[in-house]
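Hi everyone, thanks for coming. I'd like to walk you through the charged pairs in this one, so let me put it up on the screen.

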Amino acid sequence: EACDRWAGEVCTPQQESRLLIGYFTDHELGWAQFPADPVPGAPLRPTLLQICLSLEPAYAAYHAAWEFVLAPHAGDLAALARAWGVPLPNKEALRQLTLEEQALQTPGYREDHRRFSREFARRYFSLTAAAIRRHDPHHLILGCRFSAPPGGDILSECVAPQVDVLSANHDRRNQPLPLDAFYEATDLPVLVGEFSWAGDDFIQDPVADEQAGLSAM
């Protein structure tokens, strides 16, 4: 309801505009996924499913996440703990682990996290698309402006017809923008944001700059 209300306020006045290309649904969301290339020795942070399970009960995502993970175990928390290989005497124990920045990463948890992430993304992209098109069927949906590839589970749901164009920001110097990873996972055209032909990323040579810096040291 909140999404539909917001889309009505933003999109309805623009539905006949010829100056508008389309809408970004968000800006650089943090999808809280496991890193594709973890740094050896670096601690992992709690991921999306663990974060949702550790919210205050006032949040709908808290209840949705617990229903999601308990459903395959007939609501039995002890059975879930065994499947994950994690001691869970109660739900509060998981919240405490998250507050202490201890990330669940057992194979059983990772599988549930993968399923939950895909369902989370499916609902996000389908809900935002439906709300926008309900109030403005004439313009494009330009995605949520990824700052980096969020992983295959998220990208698998960032597809047409929920998204017309995938948007990705490129504001990290010395790091190539993985256009192939975005395109191959979604088969969508990619709109590159936060990049300018007049910017330092284009007119300067990062390798030469680095060598110059080393020479000056």
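**Salt bridges, one by one**

Okay, so searching the whole structure turns up ten salt bridges. Before I pick out a few, please keep in mind that this is a predicted model. The average pLDDT for the chain is 90, and 90% of the residues score at least 70.

Let's begin with Arg-134 and Asp-4. These two form a salt bridge, with 2.8 Å between the closest N and O atoms. Where do Arg-134 and Asp-4 sit in the chain? Arg-134 is in helix H6, which covers residues 107–135, while Asp-4 is in helix H1, residues 2–11. That puts them 130 residues apart, so this pair links distant parts of the chain. As for the surface, Arg-134 is exposed, at a relative accessible area of 53%, and Asp-4 is partly exposed, at 26%.

Now stay on helix H6, because there's another pair there: Asp-112 and Arg-115 both lie in it. They are three residues apart, which is about one turn of the helix. Their side chains meet in a salt bridge, 3.0 Å from N to O. Is Asp-112 buried or exposed? Asp-112 counts as buried, since its relative accessibility is 8% and the cut-off for buried is under 20%. Its partner Arg-115 counts as partly exposed, at 28%.

Next up is Glu-157 with Arg-118. Their side chains meet in a salt bridge too, at 2.6 Å from N to O. Arg-118 is in helix H6, but Glu-157 is in the loop between helix H7 (152–155) and strand S3 (166–169), so this pair ties together parts that are 39 residues apart in sequence. Glu-157 is buried, with a relative accessible area of 14%, whereas Arg-118 counts as partly exposed at 37%.

And then there's a group rather than a pair. Which residues are linked in a network of salt bridges? That would be Glu-56, Glu-92 and Arg-95.

One word of caution before I stop. Have a look at residues 212–217: pLDDT stays under 50 there, and the model has zero contacts for them beyond four places in sequence. Where pLDDT is low, the predicted coordinates should not be read in detail.

That's my tour. Over to you for questions.

How values were computed. Residues numbered from 1 in each chain as written. Predicted model: local features only at pLDDT ≥ 70, side-chain atom pairs only at ≥ 80, totals over all residues. Heavy atoms only, no water. Salt bridge = Lys/Arg side-chain N within 4 Å of Asp/Glu carboxyl O. Helix = DSSP H or I, 4+ residues; strand = E, 2+ residues; numbered from the N terminus. Buried < 20%, exposed > 50% of the residue type's maximum accessible area, 1.4 Å probe, protein only. pLDDT = per-residue confidence, 0-100. Contact = heavy atoms within 4.5 Å.
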